[in-house]
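Hi everyone, and thanks for making time for this. Let me bring the picture up on the screen, and then we can walk through it together.

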Amino acid sequence: MKTSKKEDYAIVLMSALAKNYNEYISLKSVSDKYKLPYPFMKQISNDLVNSNLLKTKGGAFGGYKLAKSPKDISWREILVAVSGEPQFAKCVGNKEICPVLSKCPAASAWSEVQCVILQALDNVKLSDFLM
């Protein structure tokens with residue numbers, strides 16, 4: 001499974017906010033500190049707000065903060081928020097992509113691999129890798 005820049009940047013943003021998760025932090029300060037493009041970070045933060053992983057507050061003392069404790073946020077939740085459900089093999093559970101899926105000798109192995117990866121992403125918490 002290869003992560004996209006969007007997914008990588010979302011993990012960086014969430015990790016940066018996890019350091020002081022009860023405080024609002026400006027997106028610009030995170031963007032500048034990690035040399036990440038602000039407009040792209042704004043898109044990512046909107047996805048995370050819409051998925052109830054971040055809270056936002058306007059004004060001089062506003063910014064973004066985690067909506068819950070870092071120990072309660074999995075990497076899978078972050079990836080789903082910005083890119084949808086992670087897929088190791090695109091054919092798993094999708095007959096439209098693979099018309100021979102029901103007869104494929106590798107389908108059950110791919111499905112098992114997918115389950116293991118998703119379980120691992122569920123078990124990795126934001127608190128495990130505070131920056």
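Let's start with one pair of residues: L54 has L66, in strand 2, as its bridge partner. Before going further, please keep in mind that this is a predicted model. Now, the strands that hold this pair. Strand 1 covers residues 54-57 and strand 2 covers residues 63-66, and the two pair in the antiparallel sense over four bridges. Another of the pairs joins K57 to G63 in strand 2. Between the strands of this hairpin there are five residues, and in that hairpin G59 takes a positive phi near 100°.

Let me zoom out for a moment. The chain holds five helices and two strands. If you read along the sequence, you meet them in the pattern α-α-α-β-β-α-α. The C-alpha atoms fill a box of roughly 60 × 25 × 25 Å, taken along the principal axes. Of the 131 residues in the chain, 35% are buried. And here is a number about how the chain folds back on itself: taking contacts between residues at least 6 apart in sequence, 67% join residues at least 24 apart.

Next stop, helix 1. How far apart are the end C-alpha atoms of helix 1, and how far should its residues span? This helix has 14 residues, 5-18, which at 1.5 Å a residue should span 20 Å, and its end C-alpha atoms are indeed 20 Å apart, so the two agree.

Is helix 1 largely enclosed or largely open? Well, 11 of its 14 residues are buried, so helix 1 is largely enclosed by the rest of the structure. The buried ones are E7, Y9, A10, I11, V12, L13, M14, S15, A16, L17 and A18. As a general reminder, an α-helix has 3.6 residues a turn, so residues three or four places apart point the same way. So what covers the buried residues of helix 1? The cover includes helix 2 (27-33), helix 3, strand 1, strand 2 and helix 4 (75-83).

Let me pick one residue from that helix. A16 sits in helix 1, and its relative accessible area is 13%; it counts as buried because that is under the 20% cut-off. Its C-alpha atom is separated by 9.7 Å from that of K65, although A16 and K65 are 49 residues apart along the chain.

Now for another buried residue, S45. You will find S45 in helix 3, residues 38-50. S45 has 0% relative accessibility, so it counts as buried. Which residues does S45 contact, once its neighbours within four places in sequence are set aside? They are L13, L27, L54 and Y64. We have met two of these already: L13 is among the buried residues of helix 1, and L54 is the bridge partner of L66.

On to the loops on either side of helix 3. In general, most residues other than glycine have a negative phi. With that in mind, look at K35, which is not a glycine and yet has a positive phi of about 55°. K35 belongs to the loop between helix 2 and helix 3, and it is exposed, with a relative accessible area of 73%. N52 is not a glycine either, and its phi is positive too, at about 60°. You can spot N52 in the loop between helix 3 and strand 1, where it counts as exposed at 57% relative accessibility.

Let's move along to helix 4 and helix 5. Helix 5 takes in residues 107-123, and it packs against helix 4 at an angle of about 105°, with the axes 5 Å apart. That angle makes helix 4 roughly perpendicular to helix 5. By class, their contact has four nonpolar, no polar and two charged residues. Which residues meet there? From helix 4 we have W75, R76 and L79, and from helix 5 they meet L118, L121 and D122.

One last residue to point out is D128, in the segment after helix 5. D128 is partly exposed, with a relative accessible area of 45%. In sequence, D128 and K71 are 57 residues apart, while in space they are 7.6 Å apart, C-alpha to C-alpha.

That is the tour, and I'm happy to go back to any part of it.

Notes: Residues numbered from 1 in each chain as written. Predicted model: local features only at pLDDT ≥ 70, side-chain atom pairs only at ≥ 80, totals over all residues. Heavy atoms only, no water. Buried < 20%, exposed > 50% of the residue type's maximum accessible area, 1.4 Å probe, protein only. Contact = heavy atoms within 4.5 Å. Pairing = 2+ DSSP bridges. Expected span 1.5 Å × (residues − 1). Axes fitted to C-alpha atoms, helices over the stretch in contact; angles between N-to-C directions. Parallel < 35°, antiparallel > 145°, perpendicular 65-115°, else oblique. Nonpolar A, V, L, I, M, F, W, Y, C, P; charged D, E, K, R; others polar.
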